[in-house]
Structure formats: structure tokens, C-alpha cells
Amino acid sequence: MLDGRPGLVTGAGSGLGRATCLLAAEEGAPVAVLDIRLEAAEKTVEAVRARGGEAIAIEADVTSAEQMASAVARAVKELGGLSWASNNAAGGFEDFMPLHETDDSTWSRTVDVCLKGIFHGMKYEIPAMLNSGGGSIVNISTASVGKGEAFLGPYVAAKGGVEALTRTGAAEYSAQGVRVNAVAPGGFETPGLSLYFEKFPEFKEKTVAQHALRRVGQPREIAEAVIWLASNRSSFVTGTTLTCDGGIGVNPHML
Ligand SMILES: NC(=O)c1ccc[n+]([C@@H]2O[C@H](COP(=O)([O-])OP(=O)(O)OC[C@H]3O[C@@H](n4cnc5c(N)ncnc54)[C@H](O)[C@@H]3O)[C@@H](O)[C@H]2O)c1
């Protein structure tokens with residue numbers, strides 16, 4: 001599906017980002033594996049190479065404009081351009097607190113990673129894609145944006161911003177050949193979700209029951225949505241959020 005077109009995934013040392021890199025490699029794309037944790041990024045690279053794919057590890061913090069500028073420049077130089085990117089890095093889903101107890105430092109830390117990090121990604125990826133003859137950006141939101149999520153105020157607010165920024169990017173750059181979309185996941189089995197269940201073990205069953213499919217998703221199932229949007233198979237799709245949530249948005253509680 002990607003036919004040799006180079007890409008970059010942030011937060012790719014774990015969970016959904018790692019799965020996206022693995023599928024990208026299967027679909028024929030060289031990929032820059034960016035994470036704040038170099039060791040984690042290198043593990044993803046090893047897994048990609050073990051499957052015969054091409055990948056490079058890049059250590060960068062998405063909250064730093066300088067680091068993101070040089071990370072994108074490195075990806076372009078080493079992979080020969082940039083045709084797609086998934087801005088996936090996030091944090092703050094382990095800080096559970098009601099709004100009236102949320103302090104400014106939690107707010108700023110979470111919004112910095114989840115929203116400013118995506119802004120930095122887009123800011124540097126877009127010119128690189130324009131220079132590569134066009135491209136596709138896939139930002140990662142959450143299915144919780146539509147209904148809110150108790151105790152995760154800064155995280156959900158930042159993700160709402162991600163969807164607004166996605167539509168804005170699409171409005172500004174689609175005519176020049178850069179499509180911008182988002183994917184909104186429901187619950188997926190990743191180290192990120194495990195943090196939540198470790199803190200609130202009683203919520204595991206409830207979370208599963210909220211999904212009409214009666215299970216949480218496997219990382220590969222998000223990767224399928226991300227890679228489709230990244231590829232030319234979705235050539236008429238821009239400015240949208242693709243919900244991939246196992247039916248968390250419908251109400252199966254009477255069954
Ligand atoms: N897993 C789920 O159920 C779920 C549900 C809804 C949305 N999401 C979203 O999907 C994305 C991936 O989630 P996941 O569950 O795979 O998370 P995860 O915690 O398993 O992985 C996140 C990765 O991001 C990296 N990271 C964190 N801060 C960073 C920074 N400042 N700079 C660069 N890298 C950084 C981490 O090191 C980690 O490798 C996130 O955007 C998350 O909000 C996940």
C-alpha cells in the first residue's frame with residue numbers, strides 16, 4: 001500500500017506507534033521510528049528489520065521544536081524524503097484527577113505532549129512533504145473526545161485540539177497535495193492502556209463491556225486504519241477523523 005514511500009511515526013517505541021511501523025514495513029515503506037526513549041525506538045527498528053523492513057531510530061521529544069525540526073530533517077535525509085507521518089506520541093493518560101484537583105503543571109505537561117507535540121510534527125512534516133511531491137498526515141486522537149472522559153480533563157481537551165488542528169491542516173494544505181486526517185481509537189491493548197488498568201483494575205471489565213465488540217482492540221487493528229489513511233488508497237479523504245473504537249460510540253448495555 002505504501003510502495004516505497006518513506007514515513008515517520010512519533011511515539012513509535014511502544015503500543016500503537018510500534019504496530020504502525022511494523023505494518024508500514026510490511027506495506028513496503030521505509031520508516032523513521034521516533035521516540036523520546038531511544039532504546040524503545042531501537043527495539044521497534046529491530047522488529048521491523050527482523051521482518052525484512054527498513055527503519056531508523058530517532059530520539060526526540062515532540063515537545064521540543066528544535067528536536068522535531070532536526071528529527072524530520074534527518075528522516076528526510078536518510079530515507080530520501082517524507083511522504084506520510086503518524087503523529088502518535090502522547091502522555092498524561094496515567095494522571096487521573098478530577099478537574100478541580102488538576103494542577104497547572106499536569107495540565108501543561110499533558111497538553112504539551114498531546115497537542116503541542118502534534119503541532120510540532122505537522123509544522124516540520126508539512127514542508128518536507130511539499131518538497132517530496134505531497135503526502136499524508138495521520139494524527140492520533142481518542143474516541144473519548146466525543147463524550148469526554150472522567151478524570152482525564154487535560155488529555156481529552158488536548159485531543160479535542162488535535163482534531164481541530166487536523167481539520168485546520170487539511171484546510172490549509174490539501175490543495176497543495178498534503179492530506180491531513182486523524183484516527184480516534186477506543187480501548188487498545190498497549191502499555192499505555194495497562195497503566196490505566198493497573199491504577200483502576202476494577203475498570204478493566206467495564207471498559208471491555210463498553211465496546212460493542214466486547215473486547216479491546218489489538219494494536220494492529222489501529223495500524224490498519226493509520227496505514228490506509230497514510231496510503232494513496234484514501235486519496236479523497238482529508239480533514240476527517242476516522243473512529244476505530246470497536247463500537248464504544250454505540251450503546252450495547254441492554255444486551
Ligand atoms: N491504547 C489505547 O487504548 C488508546 C486509546 C485512545 C487513544 N490512544 C492514543 O494512541 C496513541 C498511542 O498510545 P499507546 O497506547 O500506544 O501509548 P504508549 O504509552 O504505549 O506509547 C506512547 C509512546 O510515546 C512515547 N512518548 C511519550 N512522550 C513523548 C515525547 N514527549 N516525545 C516523543 N515520544 C514520546 C513514549 O515513550 C511511548 O513509547 C496515543 O496518542 C494515545 O493517546 C490510545
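Buried residues make up 51% of the 255 residues in this chain. Keep in mind that you're looking at a predicted model. The chain has 8 helices and 7 strands, and there is a ligand with 29 residues around it. Here's a quick tour.

**Overall shape**
- A compact globule of 255 residues would have a radius of gyration near 18 Å, and this chain comes in at 17 Å, which agrees.
- If you boxed up the C-alpha atoms along the principal axes, you'd need roughly 50 × 40 × 35 Å.
- Take the contacts with a separation of 6 or more: 73% of them link residues that sit 24 or more positions apart.

**The nonpolar core**
- The largest nonpolar core has 75 residues, and Cys21, Val31, Val33 and Leu34 are the ones that touch the most other members.
- Helix 4 (residues 104–131) gives this core its largest share, with 10 residues.
- Who does Cys21 touch, leaving aside its neighbours within four places in sequence? Its contacts are Val9, Ala12, Val31, Val33, Thr44, Val48 and Ala55.

**Around the ligand**
- Gly11, Ser14, Gly15, Ala90 and Gly192 come nearest to the ligand, out of the 29 residues around it.
- Helix 1 (15–26), helix 4 and helix 6 (191–199) are the elements that each give two or more residues to this shell.
- The shell is a mix: 12 of its residues are nonpolar, 14 are polar and 3 are charged.

**Strands 4, 5 and 6**
- Strand 4 (residues 84–87) pairs with strand 5 in the parallel sense, over 4 bridges. One of the links here is Trp84, whose bridge partner in strand 5 is Ser136.
- Strand 5 (residues 135–140) also runs parallel to strand 6, and 6 bridges join the two. Val138, for example, has Asn181 of strand 6 as its bridge partner.
- Is strand 5 mostly covered or mostly open? Mostly covered, as 6 of its 6 residues are buried.
- In a regular strand, side chains alternate between the two faces of the sheet. For strand 5, that puts Gly135, Ile137 and Asn139 on one side and Ser136, Val138 and Ile140 on the other, and all of these are buried.
- Strand 6 (residues 178–185) is largely enclosed by the rest of the structure, because 8 of its 8 residues are buried.
- Val178, Val180, Ala182 and Ala184 point one way from strand 6, while Arg179, Asn181, Val183 and Pro185 point the other way; every one of them is buried.

**Zooming in on Asn87**
- Asn87 is part of strand 4, and it counts as buried because it has 30 C-beta neighbours inside 10 Å.
- Not counting residues up to four places away in sequence, Asn87 touches Thr10, Ile118, Gly121, Met122, Ile137, Asn139 and Ile140.
- Asn87 and Val62 are 25 residues apart in sequence, with 9.2 Å between their C-alpha atoms.

**Two residues with positive phi**
- Phe151 isn't a glycine, yet its phi is positive, near 75°. You'll find Phe151 in the loop between strand 5 and helix 5 (153–173).
- Why does Phe151 count as partly exposed? Because it has 16 C-beta neighbours inside 10 Å, and the partly exposed class lies between 12 or fewer (exposed) and 20 or more (buried).
- Arg214 also has a positive phi, near 60°, without being a glycine. Arg214 lies in the loop between helix 7 (203–210) and helix 8 (219–230).
- Arg214 is exposed, with 12 other C-beta atoms within 10 Å.

Note on methods:
Residues numbered from 1 in each chain as written. Predicted model: local features only at pLDDT ≥ 70, side-chain atom pairs only at ≥ 80, totals over all residues. Core = buried A, V, L, I, M, F, W, Y, C linked by C-beta atoms within 7 Å. Contact = placed C-beta atoms within 7 Å. Rg over C-alpha atoms; globule rule 2.2 N^0.38 Å. Near = placed C-beta within 6 Å. Nonpolar A, V, L, I, M, F, W, Y, C, P; charged D, E, K, R; others polar. Pairing = 2+ DSSP bridges.
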